Amino acid sequence: VGTGRDLWVSTAGGGSVAAGTAPSVAAEALAAGAARYVVNVCSITWGTGRAESTSSPADAHRADPAKRSFEMPLGWYPQPVYFAAIARRHMHEFGTTLEQLGQYAVTCRQHAVRTPSAVLHDRPLTMDDYLGAPYLVDPFRAPDCCLITDGACAFVMTTPERAADAPNPVVEVAGVGSAVADTGLQVLQQRAFTSTPQVYSAPPAFAMAGVRPSDVDVLAVYDPFTIVGLMQVEDMGFCEKGMGGPFALDGGLDVDGGVLPYNTHGGMLAHAYVLATDHVLELVRQLRGTADAQVDGCEIGVYGGYGPGASTLVLQRGR
Amino acid sequence: VSGVPTEPSRRAVFDGPGLHDPVPDLTWPEAREFWSGVAQHALRMPRCTACEALVWYPRPTCAACGHSELAWETLSGRGTLFSWVVVRRAFAPAFADWVPFTMGVMSLEEDAGVRLVGRMPAVHPDEVELLEIGSPVHVAFEDLTFSGGASSLFSPVLALSAEQGDETGAGG
């Protein structure tokens with residue numbers, strides 16, 4: 001490949017949790033001299049796979065013998081069912097409302113409308129639209145669930161020294177954190193039913209970066225369902241636990257004037273389903289000042305990865 | 001980034017291996033234990049013989065203490081309603097004739113952190129106001145029939161205990 005050396009390859013990259021931890025894996029390879037530039041890649045063909053019934057995001061769940069034996073025969077399948085039950089429980093524990101859940105979908109759609117690359121760019125969604133949509137699996141309606149698309153996304157990482165003369169402004173990795181859920185994909189049995197492992201992933205990432213949640217200018221989280229975005233906003237410390245609903249309904253997530261502009265490209269709910277590698281790309285654009293729905297004076301951007309487990313990636317505008 | 005948008009409500013039902021007839025994997029001894037209990041109208045799960053924690057889902061060693069000796073036992077079949085949903089779209093061909101159906105998540109009486117899901121055939125999707133999280137529920141049993149046809153199995157389902165005046169649970 002023209003480097004004059006063997007190609008360094010790792011299977012630790014990709015999307016979801018790995019989109020947040022890939023920079024720390026890359027940093028090790030860069031520090032060891034095993035690589036000079038590292039590309040993190042994620043590609044998905046589940047849009048086609050779903051249409052042709054050849055592959056789907058539920059494949060990993062269907063492959064789990066416990067799910068095949070104790071969940072599927074009982075009708076518990078697939079992810080929209082699991083996460084609708086989490087949403088229902090969150091509503092019970094914290095008073096979260098359907099409208100508050102809907103605000104995550106509506107805000108993301110508003111951001112997608114301002115982002116030409118978003119799959120749902122030309123499909124606005126109002127709160128009335130949301131509340132008028134039929135239930136898919138109560139309390140979820142279709143807009144609570146992410147897109148299923150084909151797509152691919154990549155980003156390049158290198159040392160600050162090598163990046164110094166790159167053509168575009170540099171974005172620095174300031175902090176990385178990760179955490180696991182001991183129940184893995186078996187979300188039904190996770191003890192903390194209405195939380196994500198961001199509880200353990202975000203604090204060390206923020207500490208490494210030397211920032212507090214209130215310093216963050218833009219947030220992008222892995223959002224397969226509205227409730228997963230809502231829980232991560234809480235679990236990363238941007239509001240009190242249980243207040244992720246009111247936080248959104250008060251306009252907190254809005255790119256225009258919100259205290260925490262959230263999934264400013266539309267997220268998985270409205271931009272694309274490439275396991276949130278496009279979320280990291282969006283943060284890079286925000287920090288370079290080239291996003292379609294640009295946050296003014298953006299200096300700190302954070303990615304929240306999820307499932308199974310969690311990761312937190314703190315990025316900052318290069319100095 | 002490029003994408004092929006698919007509208008969930010217009011999507012065809014995803015079809016694939018095991019989705020017409022999602023019977024348990026009875027080549028797996030743990031699944032055999034559970035489903036042979038169900039055949040006798042009993043809810044059975046393994047318990048650690050050292051720390052006495054229920055180990056669910058089954059695994060070779062206790063998740064709480066690491067002990068490798070587990071013993072299956074018959075549980076009360078009682079618990080409380082932890083969460084619920086109404087499935088209105090058939091996410092697999094097997095469930096085409098079931099929808100819409102109410103599903104409950106039960107927290108077991110023996111360990112509130114262990115959960116069992118089940119259809120709630122006595123709670124019609126139009127009367128979900130009957131469902132109050134925290135209220136007593138119990139396991140009942142009925143024939144397991146998918147849209148593709150009957151299986152030879154029974155299935156655990158969930159029932160509201162208070163509404164049915166029945167606190168006897170799983171029986172045995």
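This passage walks through a two-chain model, from the make-up of each chain to the contact and the charged pairs. The model is a predicted one.

Chain A is a good place to start. Its secondary structure adds up to 13 helices and eight strands. Measured out along the principal axes, the C-alpha trace covers about 55 × 45 × 35 Å. The radius of gyration of chain A is 19 Å, and that agrees with the value near 20 Å for a compact globule of 319 residues. Of those 319 residues, 61% are buried. Contacts in chain A between residues 6 or more positions apart are 72% made up of pairs with a separation of 24 or more. As for what is left outside, the accessible surface of chain A is about 11900 Å², with 52% of it on carbon and sulfur atoms.

Part of the surface of chain A is a nonpolar patch. About 400 Å² of it is put together from A:Y37, A:V39, A:V41 and A:V156. The top contributor is strand β1 (residues 37–45) of chain A, which supplies three residues. A:V39 is a residue of that strand.

A:T115 gives a view of the inside of chain A. This threonine sits in the loop between α6 (98–113) and α7 (127–132). Its relative accessible area is just 2%, so A:T115 counts as buried, the cut-off being under 20%. Leaving aside residues up to four places away in sequence, A:T115 touches A:H121, A:T264, A:H265, A:H271 and A:D292. Another pairing shows how the chain folds back on itself in space: the C-alpha atoms of A:T115 and A:A293 are 6.6 Å apart, although 178 residues separate the two in sequence.

Chain B has its own layout. Its secondary structure consists of two helices and seven strands. In sequence order these run α-β-β-β-β-β-β-β-α, so to speak with a helix at either end of the pattern. Buried residues account for 51% of the 172 residues in chain B. Among contacts with a separation of 6 or more in this chain, 58% join residues 24 or more positions apart. The accessible surface of chain B is about 7500 Å², 49% of which belongs to carbon and sulfur atoms.

Next comes the contact of the two chains. An interface is often sized by the accessible area lost when its parts come together. Here chain A and chain B bury about 4700 Å² between them, and carbon and sulfur atoms hold 64% of that. On the chain A side, A:F70, A:L74 and A:Q189 lose the most area to chain B, together 17% of what that side buries. Chain A brings 51 residues to the contact and chain B brings 53. Three salt bridges cross the interface.

Side chains of opposite charge can pair when their charged atoms come close. Over all chains, the whole structure has 14 salt bridges. B:R88 and A:D138 form one of them, with 2.7 Å between the closest N and O atoms. The two partners have unlike surroundings: B:R88 is partly exposed at 31% relative accessible area, whereas A:D138 is buried at 5%. This pair runs between chains, from B:R88 in the loop between β3 (78–87) and β4 (101–108) of chain B to A:D138 in strand β2 (residues 135–138) of chain A.

Other salt bridges stay within a chain. In chain A, the side chains of A:R62 and A:D59 meet at 3.2 Å, N to O. Both belong to helix α3 (residues 59–62), and because they are three residues apart, about one helical turn lies between them. A:R62 is buried, with 13% relative accessible area, while A:D59 is partly exposed at 27%.

In chain B, B:E73 and B:R47 pair up at 3.0 Å, N to O. Their salt bridge ties together distant parts of the chain: B:E73 is in strand β2 (residues 70–74), B:R47 is in strand β1 (residues 44–48), and the two are 26 residues apart. B:E73 is partly exposed, at 27% relative accessibility. Elsewhere, in chain A, A:E234, A:D235 and A:K241 are joined into one network by salt bridges that share partners.

Key: Residues numbered from 1 in each chain as written. Chains lettered and ligands numbered in written order. Predicted model: local features only at pLDDT ≥ 70, side-chain atom pairs only at ≥ 80, totals over all residues. Heavy atoms only, no water. Patch = residues over 30% accessible without salt bridge, like charges linked within 9 Å, V, L, I, M, F, W, Y side chains within 5 Å. Areas by Shrake-Rupley, 256 points an atom, 1.4 Å probe, with all protein chains shown as cover. Salt bridge = Lys/Arg side-chain N within 4 Å of Asp/Glu carboxyl O. Helix = DSSP H or I, 4+ residues; strand = E, 2+ residues; numbered from the N terminus. Rg over C-alpha atoms; globule rule 2.2 N^0.38 Å. Buried < 20%, exposed > 50% of the residue type's maximum accessible area, 1.4 Å probe, protein only. Contact = heavy atoms within 4.5 Å. Buried area = accessible area lost by both parts, 1.4 Å probe.
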